[in-house]
Every structure is written in structure tokens, then in C-alpha cells.
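Here is a short tour for a newcomer. Look over the sequence and the fold, then read on.

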Amino acid sequence: GGQLPQPDDVYYIDDIRWSEKTLLTVEDFELGVILPWAPSEDQPLLHGTFERVSNPQQDVDNNSLFVGKYTKGTSAFSTLSAVAPGAIDISSRPQYNLDVLAPGPGTVIMQLESTINGNKEVERTIDAGGVWQTLSFDFSEHQLITDWTALNLIFNPGVAEQGAMFFFDNLTQSLSTVDPCEGSSPVSTTVDDFECQRNYEVGAGAELLSVVGNPDVSGINTSGLVGLYLDQPAQPWAAMCYNIPEGIDLSVYNQFEFQILSEANVPVLVKLEGGSSPAKEVWTATTDAGDWETVSVDFADQKDANHTRVCLFFNGGVETTTEDEYFIDNLRFAHAPFTGCLMNFDDAAFRSEVWNYFPHDAAGAFEIIANPDPSGINTSAEVGKATENANGVEVWQGMYTDLPAPIRFVDNKIVRIKVWSPKETTLTMKLERPLTAGAPFSSGDVTQPIQVANAWTEISFDFSVLPDNGDYTRVTLIWDISSVPSEDVIYYFDDISLTSGECATTSSNGPDRPRELTISPNPVSDNLLIEELGQVSRIDVYNLYGQRMSTTRTDGAISTYVNVSQLHEGTYILTGYTSKGEIIALSRFVKL
């Protein structure tokens with residue numbers, strides 16, 4: 001248009017049609033301000049100021065005449081908010097795009113607030129200062145939420161920089177363009193999720209496996225992409241195998257788990273092979289034909305074995321006359337459900353290294369450290385250190401961790417924890433995030449007094465209100481729920497467990513370390529002899545997941561036998577108790 005034609009100019013055109021506009025402009029500041037931008041909670045001292053100004057750097061990256069200017073307040077999480085209930089709709093366009101001009105490299109969080117589902121946020125990187133950069137914030141995973149009330153911007157979250165100025169412009173909505181796997185790192189325990197975690201090569205059966213759209217997102221599996229395996233007729237022992245050449249580490253994550261959607265209930269053989277150990281076969285089956293279901297196979301007895309391949313035989317051993325479809329997803333080696341010890345910070349299976357704070361990250365801090373007081377009831381080598389910061393604004397500020405497996409209640413619903421507090425105060429615990437549909441979202445706050453200061457003490461929490469099969473995966477702690485501290489307070493905690501199991505870890509030193517039991521033979525096949533019992537009146541055998549395997553009463557004898565013939569091969573812990581329930585002896589043995 002408007003140009004002189006040139007010889008041999010040819011234009012090809014096709015598919016001329018009307019379509020919906022894919023890019024929606026929300027705010028460009030050219031004719032004024034559309035959204036009600038203001039400091040969060042209308043607190044300019046904490047959260048800064050906003051104004052519409054002339055573009056300080058009009059160039060090819062942003063030639064707008066006017067832009068938004070935000071000046072940060074005193075808070076490290078200074079927040080600019082646009083409270084606009086009903087105006088925020090990501091149902092058809094889940095991605096926001098924003099031009100940003102910052103004083104230097106950093107990050108910016110865009111946050112959407114939901115009344116029912118809480119805040120959802122996406123953080124993006126500002127590569128350089130002094131230049132306009134377009135950032136895209138993809139909220140696709142929250143697209144079904146509709147009750148958004150506000151859109152927030154947090155520039156350089158966690159950095160106190162009162163007076164720092166940020167310019168932004170051209171807030172638009174669009175379809176998703178951000179690579180959903182951007183920034184993802186391989187998770188070694190995930191074999192294949194057919195999306196961002198495709199971590200191992202498919203060997204046998206690769207030609208029969210393809211990536212397809214999820215045929216049923218209404219159930220427990222809402223993934224967009226899944227695997228489709230076409231099981232061939234007249235091949236009862238055909239398998240789909242993943243090669244893991246570096247070997248499968250089954251020391252902690254030894255539950256092979258996958259989701260499957262099958263037209264019929266069929267037997268499935270899961271087999272570990274390759275490597276130097278004999279192959280291990282475990283039969284299971286699908287039980288919910290027509291719907292997605294999760295199948296789990298226990299390979300705990302293979303924790304010391306060497307395998308380099310995992311194979312699945314769908315409808316194994318059955319000779320069919322048709323090509324059968326099996327949709328599969330989320331194949332991984334998972335942690336066993338917690339039925340005893342939940343965390344102790346000494347064993348890899350129970351460390352819980354990541355704790356998040358609320359209502360914001362600055363409410364506290366967590367780290368695993370050497371036990372500062374290895375005495376009394378807790379002589380373990382490492383413990384958790386929790387700091388409650390004085391800059392909090394809510395008495396209920398606290399911390400939570402998401403467990404790699406659900407809590408499976410066994411004998412009762414009492415949870416114990418050892419704590420070391422510098423003062424007499426309270427501790428609140430709650431269990432959240434159930435995996436079972438219909439279970440209450442949370443246990444609610446259960447608060448208990450800490451009646452001992454400057455020494456380790458154990459307190460218990462009763463969660464009888466929860467269903468037996470809730471499968472809760474989040475543990476939340478709130479220290480001193482009645483007040484915000486005037487200065488930072490440090491607490492230590494350790495050995496969180498159900499009463500059906502002991503965490504049973506001790507340091508190699510410490511004045512009150514439980515003594516070693518005299519046992520033989522070790523390793524053992526059948527009967528384990530325990531001598532020099534002293535005041536030990538009860539002996540419990542635990543596996544390394546804190547599950548109690550057996551109990552033996554000594555009745556005042558000086559020695560006793562414990563029959564371990566029924567145990568799987570592996571390492572176990574003997575725990576000796578007095579008649580008052582105090583732990584006074586610990587030993588490990590190997591079952592052949």
C-alpha cells in the first residue's frame with residue numbers, strides 16, 4: 001500500500017476470514033487511565049505512588065506518548081494494585097503482556113487475587129535497565145478461576161529500594177505464547193509426564209507410544225498432554241520400557257507410580273531389569289475402567305539393587321485379537337506414604353528442606369542446622385531452625401511444607417513434634433492439601449502450649465477431626481499465634497511423627513544419647529538375639545520410613561529373641577523403651 005509496484009511482484013493469499021481479536025489492550029495510558037492503579041491497601045508510605053506521565057524513553061520498542069510510573073515505598077514487597085472485581089477475566093486469554101522500563105536488571109511479579117483460591121502469581125525477569133522490555137505472564141494453569149478481584153505488580157520483590165522508579169505500559173491480554181517448559185529442570189524421579197519432564201528414553205515399545213491430548217480432563221488427571229500406547233494383538237508379553245542408564249536410585253523413592261486410562265480392567269506387570277541385580281516383577285491391575293486412576297507398585301525391597309530399566313506389560317500374559325489403547329501419564333518413582341515419621345532432618349527420606357512463609361516470604365526464614373542443644377529427649381545431629389521475623393503484620397504468620405507423599409493415618413491421628421523454644425509460648429499446627437476428593441481442605445488450627453523454655457520438649461496435636469483416608473500432604477506451623485514479635489524469634493524443631501512410628505535418629509555424640517543394644521547375629525535371617533536389656537521393657541522394630549513392624553515385650557528378662565523372618569530384606573531400627581515409654585536404646589540391623 002502506497003508503494004510503487006516492482007516487476008515480478010507476486011503475493012500469495014489464502015484463508016481470508018473473520019476471526020476474534022487475539023490481542024486485547026487492557027491499559028495503554030494514551031487517553032487516560034482505565035484501571036484504578038493505587039498503592040496496595042491505599043498505604044503510600046509502604047507501597048509507593050502511581051501516576052500517568054509522558055514516556056521518558058520514546059523509541060522503537062515503545063513509541064507511546066504516555067505510560068504509567070510507579071515509585072516504590074518503604075516495603076521490600078512494595079505493591080501496586082488495581083482492584084477491579086469483574087474486570088479481570090482470563091477464561092479466553094490467559095496471558096498478560098506488559099512493557100517495562102526499569103532502572104536496572106531485576107524481576108517483577110504479576111499477581112492475580114482470587115477470593116476463593118487466594119493469590120496466584122507469575123514472576124518474570126527484567127534483563128536490563130534503561131530499555132523497554134516486553135514481559136509475558138502466563139496464567140493458563142489458573143484459567144478456570146473466575147472470581148478475580150485485583151491485579152498486582154511487585155517490582156524487585158524482596159528488595160527494599162524506597163523511591164526506585166519503574167515505568168510500565170501496554171498491558172494486553174492474549175493467548176498463551178510462553179513456552180510452558182521454560183525454566184523447568186529435570187526431576188530425576190519423574191520418568192515421563194509427556195510434557196516438560198520427559199527425562200528418559202523409551203526403548204522397547206517406542207514405536208507404539210505417542211504423545212496425544214488428554215481424552216478426559218474431568219478426573220484426577222488434568223494434564224493437557226498424555227501418552228498413548230497401542231498394545232498389539234497376539235503379543236501377550238510385549239512391553240514398553242524406559243531406559244535409565246545411570247541406574248534407578250530406590251533408596252528413598254521406591255514406589256513406582258503411574259496414571260492410566262484403560263477401556264477395561266486388565267492385569268499390568270511392572271518389571272525392573274537391566275543392571276547387575278536379578279529382575280524384579282510385581283503384578284498389579286487397573287480397577288477403574290473408563291476413568292483415570294493412579295497405580296502404585298512397591299519396590300522398597302529393591303533399594304539396594306541395581307536396575308537400569310523399568311518395563312510395563314499392559315494386559316500382560318493375555319493374548320488379544322485387537323489393538324488396545326492405553327492412555328498413560330505421570331510415570332515416576334514416588335516416596336512411600338508417611339505412616340510413622342514425617343520428618344527428622346537427618347535421613348534423606350524425611351528432610352523437608354523447603355518451607356514457605358505466609359502471608360509473605362519476609363515473615364520468616366528456615367534452614368537445617370546442627371542441633372544446637374543435643375541433650376534431653378533430642379540428641380539428633382540436625383534439626384530445623386525457624387525464625388519468626390518481627391516485620392510481620394499478622395499474628396497468624398507462619399510456615400508450611402509440602403510432603404512428597406501423603407500422610408496415611410494408621411492407629412490414630414496424633415502428631416508429635418519436638419521443639420526448643422526460647423520462651424514459654426504456643427505452637428499451632430494444621431494439616432492441609434488432601435489428595436482425597438471430598439476431604440476437608442484443612443484440619444483447622446490446633447494450638448498447644450510450649451511449657452518448657454530453653455530445652456527440648458515434645459508436644460502432641462490431635463487431628464481426630466480429619467477422615468481416615470484424607471491423605472493430607474501439607475504441614476503448617478504457626479509460632480506464638482497470639483502476637484507479632486517485637487524482635488526476631490528463633491525456634492528449633494525436629495522429629496515430627498505420627499504416634500504409630502518413631503523418627504528414631506540420634507547424633508554420634510551428646511550426653512544423653514540412647515545406648516546401643518547388644519544384638520546378634522547381624523545381619524540376621526530369622527531370630528535376632530538381644531542381650532543386656534537392663535531397663536528396656538519394650539522393643540519396637542521400625543523400617544527406615546518410620547513404620548512400626550513389630551513390638552516385643554521383655555517382661556523384665558535380661559535377654560530376648562525377636563523373630564524377623566517375615567521382614568523384607570533391608571535395614572531396620574530397634575528401639576528400646578522403658579516402662580514409662582522413654583527411649584533408652586537404639587540399634588540398627590540388616591535383614592537378609
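## Strand β16 and its partners

In strand β16, N243 is the bridge partner of E201. That pair belongs to a link between strand β13 (residues 201–202) and strand β16 (residues 240–243). The two strands run antiparallel and are joined by 2 bridges. The model shown here is a predicted one.

β16 also pairs with strand β21 (residues 309–314). Here there are 4 bridges, again in the antiparallel sense. N243 takes part here too: R309 in β21 stands opposite N243. In general, the strands of a sheet pair through backbone hydrogen bonds, and the pairing is either parallel or antiparallel.

## An open sheet of four strands

Further along the chain is an open sheet of 4 strands. Its order is β37-β36-β39-β40, and the pairing is antiparallel. Which strands form the edges? They are β37 (548–553) and β40 (583–591), and each pairs on one side only. From one strand to the next, the twist averages 20°.

Take one pairing in detail. Strand β39 (residues 570–577) runs antiparallel to β40, and 8 bridges join them. L574 has S587 in β40 as its bridge partner.

## The nonpolar cores

The largest nonpolar core has 41 residues. Which of them touch the most other members? They are M399, I417, L427, M429, L477, W479 and F493. Several strands give two or more residues to this core, among them β23 (341–343), β27 (398–407), β28 (414–420) and β29 (425–434). Also on that list are β30 (446–450), β31 (456–462), β32 (472–479) and β33 (489–498). β33 gives the most, with 5 residues.

A second core is separate from this one and has 32 residues. I88, V122, F139 and A164 are included in that second core.

Back in the largest core, L477 is worth a look. Neighbours within four places in sequence are left aside here. L477 is then in contact with W355, G398, M399, I417, L427, T428, M429 and F493. Of these contacts, M399, I417, L427, M429 and F493 are also listed among the core residues that touch the most other members.

## Q111, a polar residue inside

Q111 is found in strand β7 (residues 106–114). Is Q111 buried or exposed? Its relative accessible area is 10%, so Q111 counts as buried; the cut-off for buried is under 20%.

The side chain of Q111 makes a polar contact of 2.9 Å with the side chain of E121. Q111 touches N119, K120, E121, A150, L151, N152 and I154, not counting residues up to four places away in sequence.

## W132 and its surroundings

W132 is found in strand β9 (residues 132–138). W132 has 5% relative accessibility, so W132 counts as buried.

What surrounds W132, leaving aside its neighbours within four places in sequence? W132 is in contact with N55, Q57, D59, D61, N62 and V67, among others. The list also includes D99, V100, L101, F167, F168 and D169. F167 is 35 residues away along the chain, and the C-alpha atoms of W132 and F167 are separated by 8.8 Å.

Two polar links involve the side chain of W132. One is a polar contact of 3.4 Å with the side chain of N55. In the other, a polar atom of the W132 side chain lies 2.9 Å from the backbone oxygen of Q57.

Conventions: Residues numbered from 1 in each chain as written. Predicted model: local features only at pLDDT ≥ 70, side-chain atom pairs only at ≥ 80, totals over all residues. Heavy atoms only, no water. Pairing = 2+ DSSP bridges. Core = buried A, V, L, I, M, F, W, Y, C linked by side-chain atoms within 4.5 Å. Buried < 20%, exposed > 50% of the residue type's maximum accessible area, 1.4 Å probe, protein only. Contact = heavy atoms within 4.5 Å. Polar contact = N/O pair within 3.5 Å; in protein donor to acceptor, adjacent residues only side chain to side chain. Axes fitted to C-alpha atoms, helices over the stretch in contact; angles between N-to-C directions.
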